[in-house]
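These are my notes from an afternoon with one structure. I wrote down what I looked up, in the order I looked.

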Amino acid sequence: MSFKNNPLFQRLLSKLTIAPNGMKYAAAVSGGTDSVALLFLIREWCRMKHKGFCVFHVDHSMRNTSSSDAEWVKNLCEEQNIEFYTRKASEEDLNKNRELGSEGWARNFRYSSFAQMIKESGADVVVTGHNSNDQAETIIMRMLRGCSWKGLHGIKSSVVLNFENTKLRMWRPILNISRAELSSFLKSINQTWCEDETNQTDLYLRNKIRHRLIPMLEEIYKGSTEHIVSLGEDAAQLQKDLHLRALRYLKKFFNSEKNQIKVELKPETSLRREVIRIWLENNGLEQAINRSLIERIDDLWLVKNNGRAVKHGNFEILRHKKYLWLRVWNVR
């Protein structure tokens with residue numbers, strides 16, 4: 001199949017995000033619109049760049065139709081002469097990490113499967129089909145749950161994850177492309193797809209935003225989804241600058257031996273809270289970070305009152321004279 005004379009393909013190709021360096025790219029394909037369009041776009045991109053290409057499919061075994069989806073993707077890859085790798089959740093897998101909840105478990109199993117298939121396939125970059133609609137949905141979800149500038153910028157175009165002693169290099173090339181554009185592309189090449197029926201239910205927050213909130217926003221003001229994505233891009237730039245300033249502050253006022261920050265100065269609120277966030281992350285406490293916790297620690301920064309403390313889980317922040325002191329203890 002050639003896309004040489006397909007103007008829509010050429011336009012979409014020009015909108016891909018910057019790719020991380022790699023020799024072989026694996027497209028994560030579920031069978032839905034986004035991932036099937038991703039398959040054809042990235043396979044052609046790999047041909048142009050003289051890179052290896054294959055497809056990963058993860059069957060979470062959470063739906064009665066999941067096996068038929070896996071078979072559909074496998075058949076598509078056979079038709080297109082594409083390397084195909086798959087993982088299917090067993091009963092044992094389904095009983096692991098249930099404390100994470102269904103979405104958390106699915107994410108954990110997906111990354112675990114990617115780590116296994118990377119070793120088997122020799123791929124060094126996993127490519128996923130997150131698009132501009134997903135980006136808008138993610139930003140709205142984080143706004144509703146309460147987020148800072150860091151959360152507001154949404155999904156990053158590339159990220160490196162360490163999972164099960166395997167480095168997962170993830171690339172989201174179609175973040176600047178809408179779901180409607182992807183659907184139009186597939187129709188232009190007469191390519192079908194299969195949809196996960198859970199995408200049509202409103203049981204999950206993301207689907208409620210997708211099916212109810214975003215259509216309403218677009219009805220009120222056409223183009224609002226695109227504007228939300230642009231806001232996320234602006235937030236990313238602000239966060240980058242804020243992060244660098246916070247690192248400079250820590251370099252100057254952080255005492256690594258005592259794990260203390262000098263808080264005699266009172267910079268603007270956003271900088272103080274970014275300093276606190278980085279400090280907690282550097283101590284391995286990122287899972288505990290939320291808006292309420294950072295606000296409580298920020299109050300210690302502003303109020304000169306020796307002996308005050310913020311306690312949370314297995315750590316506490318103490319105010320002592322001109323310093324904030326972090327103390328972490330082991331939990332058995």
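**Entry 1: the sheet of 6 strands**

In what order do the 6 strands of the open sheet lie, and what is the pairing? I find the order β3-β2-β1-β4-β6-β5, with mixed pairing. I note here that the model is predicted.

I then looked for the edges. β3 (83-88) and β5 have a single partner strand each, so one side of each is left without a neighbour in the sheet. On average, neighbouring strands of this sheet are turned by 30° against each other, direction ignored.

**Entry 2: two pairings that involve β6**

I took β5 and β6 next. Strand β5 covers residues 158-163 and strand β6 covers residues 166-171; they pair in the antiparallel sense over 6 bridges. V159 stands opposite M170 in β6. The hairpin of these strands has 2 residues between them, and E164 there takes a positive phi near 50°.

In which sense do β4 and β6 pair, and over how many bridges? Strand β4 (residues 125-127) pairs with β6 in the parallel sense, over 2 bridges. M170 turns up again, since V126 stands opposite M170 in β6.

**Entry 3: helices on this sheet**

I looked for helices that lie on these strands. α2 lies across β1 (24-28), β2 (52-59), β4 and β6, and runs at about 160° to β2. Helix α3 (residues 66-79) also packs on the sheet, where α3 touches β2 and β3. The direction of α3 makes about 165° with that of β2.

**Entry 4: α2 against α8**

Two packed helices are described by the angle between their axes and the distance between the axes. I looked up both values for helix α2 (residues 33-49) and helix α8 (residues 179-188): the axes come within 9 Å and cross at roughly 60°.

Are α2 and α8 parallel, perpendicular or oblique to each other? I first thought of perpendicular, but that word is kept for angles of 65 to 115 degrees. The two helices are therefore oblique to each other. The crossing in which α2 passes α8 is left-handed.

I listed the residues that meet. From α2 they are T33, D34, V36, A37, F40 and L41, and from α8 they are R179, L182, S183, F185 and L186. The residues of this contact divide into 7 nonpolar, 2 polar and 2 charged.

**Entry 5: S157**

I went back to the start of β5. S157 lies in the loop between α7 (149-152) and β5. Is S157 buried, exposed or partly exposed? Its relative accessible area is 28%, so S157 is partly exposed.

S157 and M170 are 13 residues apart in sequence, and their C-alpha atoms are 8.2 Å apart in space. Leaving out residues up to four places away in sequence, S157 touches T17, M170, W171, R172 and L175.

**Entry 6: the sheet of 5 strands**

I found another open sheet, this one of 5 strands, in the order β7-β8-β11-β10-β9 and with antiparallel pairing. The edge strands are β7 (254-255) and β9, each pairing on one side only.

At one edge, 2 bridges join β7 to strand β8 (residues 260-262). F254 stands opposite I261 in β8. At the β9 edge, 4 bridges join strand β9 (residues 309-312) to strand β10 (residues 315-320). V310 has I317 in β10 as its bridge partner. The hairpin of β9 and β10 has 2 residues between the strands, and G313 takes a positive phi near 60°.

Which helix lies across β9, β10 and β11 (323-328)? I find helix α12 (residues 291-302), which runs at about 160° to β9.

**Entry 7: R277**

R277 is found in helix α11 (residues 269-282). Is R277 buried or exposed? Buried means under 20% relative accessible area. R277 has 6%, so R277 is buried. Not counting residues up to four places away in sequence, R277 touches K150, Q239, H243, I289 and I294.

**Entry 8: the whole chain**

I ended with totals. The chain has 12 helices and 11 strands. Of its 332 residues, 46% count as buried. Its C-alpha atoms fill a box of roughly 70 × 50 × 40 Å, taken along the principal axes. Among contacts between residues at least 6 apart in sequence, 68% join residues at least 24 apart.

Note on methods. Residues are numbered from 1 along each chain as its sequence is written. This is a predicted model: local features need pLDDT of at least 70, side-chain atom pairs count only at pLDDT 80 or more; totals for chains, interfaces and linings use all residues. Side-chain values use heavy atoms; hydrogens and water are left out. Buried means under 20% relative accessible area, exposed over 50%, partly exposed in between (1.4 Å probe, protein chains only). Contact means heavy atoms within 4.5 Å. Axes are lines fitted to C-alpha atoms, for helices over the stretch in contact, and angles run from 0 to 180 degrees between N-to-C directions. Angles under 35 degrees count as roughly parallel, over 145 as roughly antiparallel, 65 to 115 as roughly perpendicular and the rest as oblique. A crossing is left-handed if the near helix is turned anticlockwise from the far one by less than a right angle, and right-handed if clockwise. Ala, Val, Leu, Ile, Met, Phe, Trp, Tyr, Cys and Pro count as nonpolar, Asp, Glu, Lys and Arg as charged, and the others, Gly among them, as polar. Two strands pair if DSSP finds at least two bridges between them.
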